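Work through the exercises below with the model open in your viewer. Try each task before reading its solution.

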Amino acid sequence: MNALRDKTVVVIGGSSGIGLRVAQLVADEGARLLIVGRDTGRLQAAQADLQARGATVGIHQADAHDHTALASLFDELPAFDHLVSMIGDVMGGGFIGADIAVIRHVIESKFFTNLRIGQLAATKVREGGSLVFTSGTGGRAQDACASYVGNLGINALVEGLAVELAPKARVNAVSPTWTVTPFWRDVPPAQVEATRAHFEQVIPLKRTARIDELASAYLFLMNNGFVTGQHIAVDGGIMLGA
Ligand SMILES: NC(=O)c1ccc[n+]([C@@H]2O[C@H](COP(=O)([O-])OP(=O)(O)OC[C@H]3O[C@@H](n4cnc5c(N)ncnc54)[C@H](OP(=O)(O)O)[C@@H]3O)[C@@H](O)[C@H]2O)c1
């Protein structure tokens, strides 16, 4: 029995990478999908992919960082059972040399945009549904300053929203660490490979994640009705290292 059959699932960031893989797994379970992204070509390609798997898929073009556009998006969305947010820009490096504007953007992206998504989603999520956000692990504060703060913000957000939305709906997050996905599309391939080799060394399990290991964690959090307020690290134990 597929718990997601005939459910409506919104994936903000469902046109690429981890979010697209979540959408594919959700489609295979028989859910209806609404996917959101900025790039129309990417959305249309994902829609064709998901329709080929037999899913009913609506696409919405919106930049989640524009909170007016976000409010219009939620005005258009029907009530839904589950929402996944893949939103969260990142940065590397420590606090001292960093540009405050970049720090502000990353915290705006990771915390305030997901906070706004949570506020808007609270009015549309159905009884028994869930929200799943995307946090992150891997960098220490001095290595990934605003990403680290933003991830702490998301982790606090899911705890607060979980209590505020209970018992109607559950709220959780998945925390990936560095993984090869199209997220790094603008980085030269040799640099991506060097970073992958670095993480392979520092992750206790001595490899980076397979995308299905990440995507399946989102489905677990949608399907398990007794988990709320949690952020699940799917990171090979990277934060346990020296
Ligand atoms: N890959 C990693 O190493 C890694 C590690 C830790 C955490 N994460 C987090 O995982 C999440 C997804 O990453 P990914 O690797 O799957 O990246 P990806 O392949 O680039 O996918 C990101 C998805 O989100 C959409 N998106 C991004 N910004 C958006 C915005 N402002 N408004 C609407 N849609 C937006 C993208 O579509 P458009 O670009 O067309 O808008 C795309 O569908 C991110 O939050 C990232 O920080 C990734």
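The exercises go from the whole chain to single residues, and the model is a predicted one.

**Exercise 1. Overall fold**

Task: Count the helices and strands of the protein chain, and give their order.

Solution.
- Step 1. The protein chain holds 7 helices and 7 strands.
- Step 2. Read from the N terminus, the order is β-α-β-α-β-α-β-α-β-α-β-α-α-β.
- Step 3. Now take the contacts between residues at least 6 apart in sequence: 73% of them join residues at least 24 apart.

**Exercise 2. Dimensions**

Task: Check the radius of gyration of the protein chain against that of a compact globule.

Solution.
- Step 1. A compact globule of 242 residues would have a radius of gyration near 18 Å.
- Step 2. The protein chain has 17 Å, which agrees with that value.
- Step 3. Along the principal axes, the C-alpha atoms fill a box of roughly 45 × 35 × 35 Å.
- Step 4. For burial, 43% of the 242 residues count as buried.

**Exercise 3. The shell around the ligand**

Task: Describe the residues around the ligand by distance, class and element.

Solution.
- Step 1. The ligand has 28 residues around it. Gly 13, Gly 17, Arg 38, Asp 39 and Gly 88 come nearest.
- Step 2. Sort the shell by class: 10 residues are nonpolar, 14 polar and 4 charged.
- Step 3. Assign elements. Both α1 (17–28) and β2 (32–37) supply at least two residues of the shell. With 3 residues, α1 gives the most.
- Step 4. Look at Asp 39, one of the nearest residues. Asp 39 sits in the loop between β2 and α2. It has 13 C-beta neighbours inside 10 Å, so Asp 39 counts as partly exposed.
- Step 5. Relate Asp 39 to Asp 63: they are 24 residues apart in sequence, and their C-alpha atoms are 9.0 Å apart in space.

**Exercise 4. Helix α2**

Task: Test the span of α2, then find where its buried residues lie.

Solution.
- Step 1. Helix α2 covers residues 40–52, which is 13 residues. At 1.5 Å a residue, α2 should span 18 Å. Its end C-alpha atoms are 18 Å apart, so the two agree.
- Step 2. Leu 43, Ala 46 and Leu 50 are buried in α2.
- Step 3. Down the axis of α2, the buried residues fall within an arc of 65°, so they line one face of the helix.
- Step 4. Turn to the face pointing away from the buried side: it carries the exposed residues Thr 40, Gly 41, Ala 48 and Ala 52.
- Step 5. The cover over the buried residues of α2 includes α1, β2 and β3 (57–61).
- Step 6. After α2 comes Gly 54, with a positive phi near 95°.

**Exercise 5. Backbone geometry**

Task: Locate the cis peptide bond that joins Ala 166 and Pro 167, then examine the positive phi of Asp 6 and of Lys 206.

Solution.
- Step 1. The bond between Ala 166 and Pro 167 is cis, with omega about 0°. Pro 167 is placed in the loop between α5 (145–165) and β6 (169–176).
- Step 2. Asp 6 is not a glycine, yet its phi is positive, about 65°. Asp 6 belongs to the segment before β1 (8–12). It is exposed, with 11 other C-beta atoms within 10 Å.
- Step 3. Lys 206 is not a glycine either, and has a positive phi of about 60°. Its place is the loop between α6 (189–202) and α7 (211–223). Lys 206 is exposed, with 10 other C-beta atoms within 10 Å.

**Exercise 6. Thr 208 and helix α6**

Task: Is Thr 208 buried or exposed? Then examine α6.

Solution.
- Step 1. Thr 208 is in the loop between α6 and α7.
- Step 2. Count neighbours: Thr 208 has 21 C-beta neighbours inside 10 Å, and the cut-off for buried is 20 or more. Thr 208 therefore counts as buried.
- Step 3. List contacts, leaving aside neighbours within four places in sequence. Thr 208 touches Trp 178, Thr 179, Val 180, Arg 196, Phe 199, Glu 200 and Ile 203.
- Step 4. Take α6: 14 residues at 1.5 Å a residue should span 20 Å, and its end C-alpha atoms are 20 Å apart, which agrees.
- Step 5. Of those 14 residues, the number buried is 1, so α6 lies largely in the open.

How values were computed
Residues are numbered from 1 along each chain as its sequence is written. This is a predicted model: local features need pLDDT of at least 70, side-chain atom pairs count only at pLDDT 80 or more; totals for chains, interfaces and linings use all residues. A residue is near a molecule or strand if its C-beta atom, placed from the backbone, lies within 6 Å of it. Helices (H or I, at least four residues) and strands (E, at least two) are DSSP runs, numbered from the N terminus. Ala, Val, Leu, Ile, Met, Phe, Trp, Tyr, Cys and Pro count as nonpolar, Asp, Glu, Lys and Arg as charged, and the others, Gly among them, as polar. The radius of gyration is taken over C-alpha atoms; the globule rule is 2.2 Å times the number of residues to the power 0.38. A residue is buried if 20 or more other C-beta atoms lie within 10 Å of its own, exposed if 12 or fewer, and partly exposed in between; C-beta atoms are placed from the backbone. Two residues are in contact if their C-beta atoms, placed from the backbone, lie within 7 Å. The expected span of a helix is 1.5 Å times one less than its number of residues. The arc is that of the directions from the helix axis to the C-beta atoms.
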